[in-house]
Amino acid sequence: MNRDELLGEIARLIVVDPKAGERPWDGYALIAWYGEGISRLNGFRYDKGQPGEALTPSGAEIENRLEQLRLATHVAGKAPWRVCIVRINREAAEVAIDFEYEDPGRWYVTPDSAADIAERVRPC
Amino acid sequence: MTDPLSFRSADVPTAPAGAPPFAGDDAATVLSPAALNALPLAEREILANGYAERLGAAELHALRGAFGDSMDRAVNERSGPAVREDYAGRVAAETREIEAQVINPDGGEINEARWTVDEQGRPVHAEATLRTVFSELERSDAETQAQRDAADRGIDGDQGGHVFGHRFVTDQGLKNLFPQNGNFNMGAYKTLENEWAAWIDQGMDVRIAIDLGPRGADRPDRVRISYEVIDPADGSRVYDQRVSFDNRAGQSYDRVDSEQMDELIAARA
């Protein structure tokens with residue numbers, strides 16, 4: 001799979017994920033954060049302009065695809081991205097992706113940072 | 001250097017120059033497990049994709065031990081429906097599930113766990129709902145021996161690490177043990193378990209799913225954990241997180257502290 005195919009597959013896995021889909025949403029954002037050996041995944045659902053609610057997908061396959069995406073987007077001679085942000089706008093049927101290489105701490109989700117980050121990654 | 005963006009489904013897998021063929025393989029392009037492990041993941045996946053497009057389920061299943069999860073993904077993406085179904089049946093037949101309930105005699109709370117083990121009894125997946133923490137438990141001689149046996153499947157520096165900590169599920173033997181880097185076991189993993197214990201002390205349930213990969217390996221190199229904290233009073237979700245670790249030293253885990261737990265619990269009120 002190339003980058004676009006992987007992105008489509010990640011979005012599909014989010015949409016069909018039983019946990020992420022347990023309540024309706026019109027927007028969804030997934031943050032994949034990679035550190036030294038450790039990676040973290042956090043998801044947020046959005047509905048009718050309400051604040052983002054933490055709701056991380058349950059399926060492990062999404063992590064497999066993200067790791068494939070990290071390989072597929074790796075540029076020789078450059079460190080791989082540290083954070084990948086996938087945003088889904090359901091009404092517009094749009095999927096957007098952003099990568100962070102320099103400052104992964106901006107997207108490190110903790111109980112203290114979750115609300116702020118959820119607003120910053122809200123799908124347009 | 002291989003450009004991971006350049007491969008196509010039409011690529012025919014070939015063994016890199018100098019790589020030994022896998023004994024007995026009629027395709028003559030399959031590498032030994034050691035040679036496969038030495039390949040970059042992208043090249044391994046190219047090989048797996050090629051086989052998935054042209055081999056039958058029995059042959060693909062026979063290669064699963066060498067390719068692990070890469071072959072599962074390749075079959076799902078590249079094989080036809082009949083091969084996929086046959087392959088999935090063969091994979092399912094490799095594993096079995098074992099359940100356990102552990103009751104705390106003091107309060108009556110029950111911790112429930114279910115392990116999926118492979119044909120050699122090695123855990124590949126596990127799920128649990130934890131409601132209580134056992135303190136000052138003695139480990140049986142059998143459990144201590146099982147820890148040594150699990151560690152012996154690993155490499156220097158490994159311990160027999162519990163999938164679910166002994167304080168949660170007591171003596172469960174090899175189905176709950178894997179070769180785990182000692183620093184990882186006593187560091188990041190223990191920190192995560194401490195967080196789960198603290199959630200339980202707050203009266204919450206902790207639901208956990210753990211995947212050890214790749215399948216078929218004596219020593220997992222990746223531990224994937226998904227957990228969510230549930231308030232048993234109303235079934236609402238208080239917190240959730242997915243975190244994955246390499247099975248190696250030098251990692252840290254930033255756990256949720258008690259003050260943050262109080263705030264998360266209060267925020268739902």
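**Close-up views of chain B**

**Figure 1. Helix α3(B) passes helix α5(B) in a right-handed crossing.** This is a predicted model, and we begin with a pair of helices in it. Helix α3 of chain B covers residues 57-67, and helix α5 of chain B covers residues 81-94. The two pack with their axes 9 Å apart, at an angle of about 45 degrees. That angle is why α3(B) is described as oblique to α5(B). Which residues of the two helices meet? From α3(B) come B:A57, B:L60 and B:H61, and from α5(B) come B:V83, B:D86, B:Y87 and B:R90. Sorted by class, the residues of this contact are four nonpolar, one polar and two charged.

**Figure 2. Chain B is divided into two parts, domain 1 (1-94) and domain 2 (96-267).** Where the domains touch, five residues of domain 1 are in contact with seven residues of domain 2. What classes of residue does domain 1 bring to this meeting place? Its touching side has two polar and three charged residues, and no nonpolar ones. For the wider setting, chain B holds ten helices and eight strands. Of its 269 residues, 40% are buried. Take the contacts in chain B between residues at least 6 apart in sequence: 58% of them join residues at least 24 apart.

**Figure 3. A cis peptide bond joins B:G213 and B:P214.** Here is some background for this view and the next two: most peptide bonds are trans, and most residues other than glycine have a negative phi. At the bond between B:G213 and B:P214, omega is about 0 degrees. Where along the chain should you look for B:P214? Follow strand β6 (205-213) of chain B into the loop that leads to β7 (222-230), and B:P214 is in that loop.

**Figure 4. B:E136 has a positive phi, near 55 degrees, although it is not a glycine.** This residue lies in the loop between strand β3 (123-130) and helix α6 (141-152) of chain B. Is B:E136 buried or exposed? B:E136 is exposed, because just 5 other C-beta atoms lie within 10 Å, and a residue counts as exposed with 12 or fewer.

**Figure 5. B:T170, also a residue other than glycine, has a positive phi near 55 degrees.** Look for B:T170 in the loop between helix α7 (166-169) and strand β5 (177-181) of chain B. How many C-beta neighbours does B:T170 have inside 10 Å? There are 19, so B:T170 counts as partly exposed; a buried residue would need 20 or more.

Terms used: Residues are numbered from 1 along each chain as its sequence is written. Chains are lettered from A and ligands numbered from 1 in the order in which they are written. This is a predicted model: local features need pLDDT of at least 70, side-chain atom pairs count only at pLDDT 80 or more; totals for chains, interfaces and linings use all residues. Axes are lines fitted to C-alpha atoms, for helices over the stretch in contact, and angles run from 0 to 180 degrees between N-to-C directions. Helices (H or I, at least four residues) and strands (E, at least two) are DSSP runs, numbered from the N terminus. Angles under 35 degrees count as roughly parallel, over 145 as roughly antiparallel, 65 to 115 as roughly perpendicular and the rest as oblique. A crossing is left-handed if the near helix is turned anticlockwise from the far one by less than a right angle, and right-handed if clockwise. Ala, Val, Leu, Ile, Met, Phe, Trp, Tyr, Cys and Pro count as nonpolar, Asp, Glu, Lys and Arg as charged, and the others, Gly among them, as polar. Domain bounds come from an automatic or database domain assignment.
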